Amino acid sequence: MQGLPAVKIQFLGGAEAIGASCAVLEIDGARIVIDCGVRVQGPQSERLPDLARLEEGPAPSAVLITHAHLDHIGALPVLAQRFPMVPFHATPPTIALLRIQLLDALKIMETDSEAEGEAPLYSRAAVEALLDRVLPAAPHAPFEVVPGGPRATFFLAGHIL
């Protein structure tokens, strides 16, 4: 019988409070980011997860997007810009909602930036570039997150579409 792989999980945000949910799972030589959200309240400097910690090791191998709430997706365009070669995976309904949520959040940030003097966290081009990289994964169908590496399965949990 083969031994189980070593697993390491690190939380970059969202572990002690709602918002900026982001975890890194290291398994079988892969470094998988799970979600990358924002805190919707507070100063912009405190809205992102601690993405600098992703630069302390090898680049992420892939990103899994669990669902399209802003506290889980709001920083994905920023993450995609920092790591332009990393693939993103989500179910087709989540991909459809990503576009709506991220572009709506951008409109709000643009309106707020006029009043508060802070630039939005990302641009429309950053959202479009992210969406071009998200690979659809069918619910209940296991897939390789990284070729030859760990597999994942998305389940419909009823939390959001």
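**Exercise 1. Determine which exposed residues lie on the face of α4 turned away from its buried side, and explain the placing of the buried ones.**

Solution. Ala125 and Asp132 are the exposed residues on the face of α4 turned away from its buried side; exposed means over 50% relative accessible area, buried under 20%, and partly exposed in between (1.4 Å probe, protein chains only). Helices (H or I, at least four residues) and strands (E, at least two) are DSSP runs, numbered from the N terminus. The model is predicted: local features need pLDDT of at least 70 and side-chain atom pairs pLDDT 80 or more, while totals for chains, interfaces and linings use all residues. Residues are numbered from 1 along each chain as its sequence is written, and side-chain values use heavy atoms, leaving out hydrogens and water.

Next, list the buried residues of α4 (residues 124-133): Ala126, Val127, Leu130, Leu131 and Arg133. They lie on the same side of α4 because they cover an arc of only 160° around the axis, taken from the directions from the helix axis to the C-beta atoms.

Finally, these buried residues pack against α2 (76-82), β5 (88-90), α3 (92-116) and β6 (134-136), where contact means heavy atoms within 4.5 Å.

**Exercise 2. Establish how many disulfides the count comes to.**

Solution. A disulfide is a pair of cysteine sulfur atoms within 2.5 Å. The closest cysteine sulfur to that of Cys22 belongs to Cys36 and is 4.1 Å away, too far for a bond. The count therefore comes to 0 disulfides. Cys22 is buried at 3% relative accessibility, and Cys36 is buried at 0% relative accessible area.
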